[in-house]
Structures are given as C-alpha cells and as structure tokens.
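Subject: Structure handover and findings

Hello,

Here is the structure I promised to pass on. Please open it next to this email and follow along.

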Amino acid sequence: MSLPTSSSPVIEEIDEFARLAGLHLNAYQATALREALRIDPETGKWLWPTWTVPAAIDADDLVTTRALLSFLLLDQNVIWSAAHRNTLLDAFHRLVNCVSRFGTPDGPNEFDLGHVRIKVRRANGEEQLERLDTNARIRFVSHTASHNAARGYTADLLIVDDPYVGRWEQDLKPAVESRPNAQIVIVE
C-alpha cells in the first residue's frame, strides 16, 4: 500500500486516508477534522489556528490522522506533547504502526513509503519519526517533565494532550510562534 502524493483529494477523502493508516474516523470525527483543516480564503492561513477537539469525540484516531496529514502530506514538523509519558508512548507507537501500513520496513527503524522514507528513533525520551527526504519530524515531548522541553524546536503543528497539566503554553508556544501558519490542536 503506498501513500497518496496529493493532499487535496485526501482532505476530501479524509476517512479513506485514515482507513489506509489503520485508523477509523466516524462521520462526526471526519467532519470535525475537515473543519479543523479549513483555510481562510482571504489570508491563506488556517481558519482555526488553535483548534480544540470537541469533547464528545474519541480523539485518538482523529488526532493521529491530523498528525499524519501534516507530516506525510504537508511536509510539516509536528510536536506532540502530553503531560504523561505513557500517553506520549501510546501516540508514538500508534503513529509508527500507521506509517508501517503505508509502506514496507527497510531495516528495524526505517520504512519505505515509495516516494518517502521514514526513520524511527526509539531512544527513551527522544522518540521521533523523521522524513529522510525533507527532515520533517514528529517529536514527542512531555510538557511536565522539564521546562522548555521543546526549546530549540519549531513546529507547524503542535498537539497538546491534557493541557490542564503543566505549563504547556509557556513551554511549548514558542515552538510555533516563528512559523507563518502554525496550528495548535488541544486535546482535552
């Protein structure tokens, strides 16, 4: 199974993209994600630069799909932050599993997706996925483990899981402030 090369048809068929990644979006989730991905026609920027996942939604597959779209199709850097390490590891393993469904393993820590190669770093506390063609990354950082956990990183997409724990705004917002069209996704 190979990764689609164009992002616009995937946005229209977001549930099919999720299915190819091994995820399931119900109609409500797919509609909510399409809304989050809307672009303001006047500015060319996200209509929702900060988007909170509706509370009634099971967020795992929805947010994983959002991260994959940014990383694989939009070639963006992503920071996924959570208060607890177990939450980060779960997200990391879910994303690695999704990437593996788009391509074939090429060694223990690389995947060949046809036109994109992904390297997986599994070091404790430094888990990440990296596109070898563009160096775009998905990094996983705890917003309670240390202050300035994302210091020196930039991200086009910041996912904040459990925002009520820790000082995420102070510690993570600088990573997106220098990006021209960053989006923050809040998972409550």
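Below is what I found, going from the whole chain to helix packing and then to single residues.

**The chain overall**

Please keep in mind that this is a predicted model. The chain has 188 residues, and 46% of them are buried. It holds seven helices and nine strands. The exposed surface comes to about 9,100 Å². Carbon and sulfur atoms supply 47% of that surface. I also looked at contacts between residues at least 6 apart in sequence. Of these, 61% join residues at least 24 apart.

**Helix packing around α4**

Two packed helices are described by the angle between their axes and the distance between the axes. Helix α4 covers residues 59–73, and helix α5 covers residues 85–102. Their axes come within 11 Å and cross at roughly 55 degrees. That angle falls outside the roughly parallel range, which is under 35 degrees, and outside the roughly perpendicular range of 65 to 115. The two helices are therefore oblique to each other. The crossing of α4 past α5 is right-handed.

Which residues in α4 and α5 meet? On the α4 side they are Asp60, Asp61, Thr64, Ala67, Leu68 and Leu72. On the α5 side they are Arg94, Leu95, Cys98, Val99 and Phe102. By class, this contact has seven nonpolar, one polar and three charged residues.

Helix α4 also packs with α3, which spans residues 27–36. Here the axes are 10 Å apart, at an angle of about 40 degrees. That makes α3 oblique to α4. This crossing is right-handed. Gln29, Ala32 and Leu33 come from α3. They meet Leu62, Thr65, Arg66 and Leu69 from α4. The class count for α3 with α4 is four nonpolar, two polar and one charged.

**The loop after α4**

Go next to the loop between α4 and β2, where β2 is 78–82. Asp75 sits in this loop. Its phi is near 55 degrees, a positive value in a residue other than glycine. Is Asp75 buried, exposed or partly exposed? Its relative accessibility is 33%, so Asp75 counts as partly exposed.

Gln76 is in the loop between α4 and β2 too. Its relative accessibility is 12%, so Gln76 counts as buried; the cut-off for buried is under 20%. What does Gln76 touch, leaving aside neighbours within four places in sequence? Its contacts are Trp46, Ser70, Phe71, Ala136, Arg137 and Asp156.

**The β6 and β7 region**

Strand β6 runs over residues 128–131, and Gln128 is in it. Gln128 has 12% relative accessibility and therefore counts as buried. Setting aside residues up to four places away in sequence, Gln128 touches Phe92, Lys119, Val120 and Arg121. It also touches Arg137, Ile138, Arg139 and Phe140.

Thr134 lies in the loop between β6 and β7, where β7 is 137–142. At 32% relative accessibility, Thr134 counts as partly exposed. Thr134 links this loop back to the previous section. Thr134 and Asp75 are 59 residues apart in sequence, and their C-alpha atoms are 7.4 Å apart.

Asn135 is in the loop between β6 and β7 as well. Asn135 has a positive phi of about 70 degrees, although it is not a glycine. With 45% relative accessibility, Asn135 counts as partly exposed.

**Strand β9**

Last stop: Ile186, in strand β9, residues 183–187. Ile186 has 7% relative accessibility, so it counts as buried. Where is Asp162 relative to Ile186? The two are 24 residues apart in sequence and 7.8 Å apart in space, C-alpha to C-alpha. Not counting residues up to four places away in sequence, Ile186 touches Thr50, Trp51, Thr52 and Val53. Val160, Pro163 and Trp168 are also in contact with Ile186.

**Where to look**

For a quick tour, begin at α4, which packs with α5 and with α3. Then find Asp75 and Asn135, which have positive phi values. Finish with the buried residues Gln76, Gln128 and Ile186.

Best wishes

Key: Residues are numbered from 1 along each chain as its sequence is written. This is a predicted model: local features need pLDDT of at least 70, side-chain atom pairs count only at pLDDT 80 or more; totals for chains, interfaces and linings use all residues. Side-chain values use heavy atoms; hydrogens and water are left out. Helices (H or I, at least four residues) and strands (E, at least two) are DSSP runs, numbered from the N terminus. Buried means under 20% relative accessible area, exposed over 50%, partly exposed in between (1.4 Å probe, protein chains only). Contact means heavy atoms within 4.5 Å. Accessible areas come from the Shrake-Rupley method with a 1.4 Å probe; for residues, only the protein chains shown count as cover. Axes are lines fitted to C-alpha atoms, for helices over the stretch in contact, and angles run from 0 to 180 degrees between N-to-C directions. Angles under 35 degrees count as roughly parallel, over 145 as roughly antiparallel, 65 to 115 as roughly perpendicular and the rest as oblique. A crossing is left-handed if the near helix is turned anticlockwise from the far one by less than a right angle, and right-handed if clockwise. Ala, Val, Leu, Ile, Met, Phe, Trp, Tyr, Cys and Pro count as nonpolar, Asp, Glu, Lys and Arg as charged, and the others, Gly among them, as polar.
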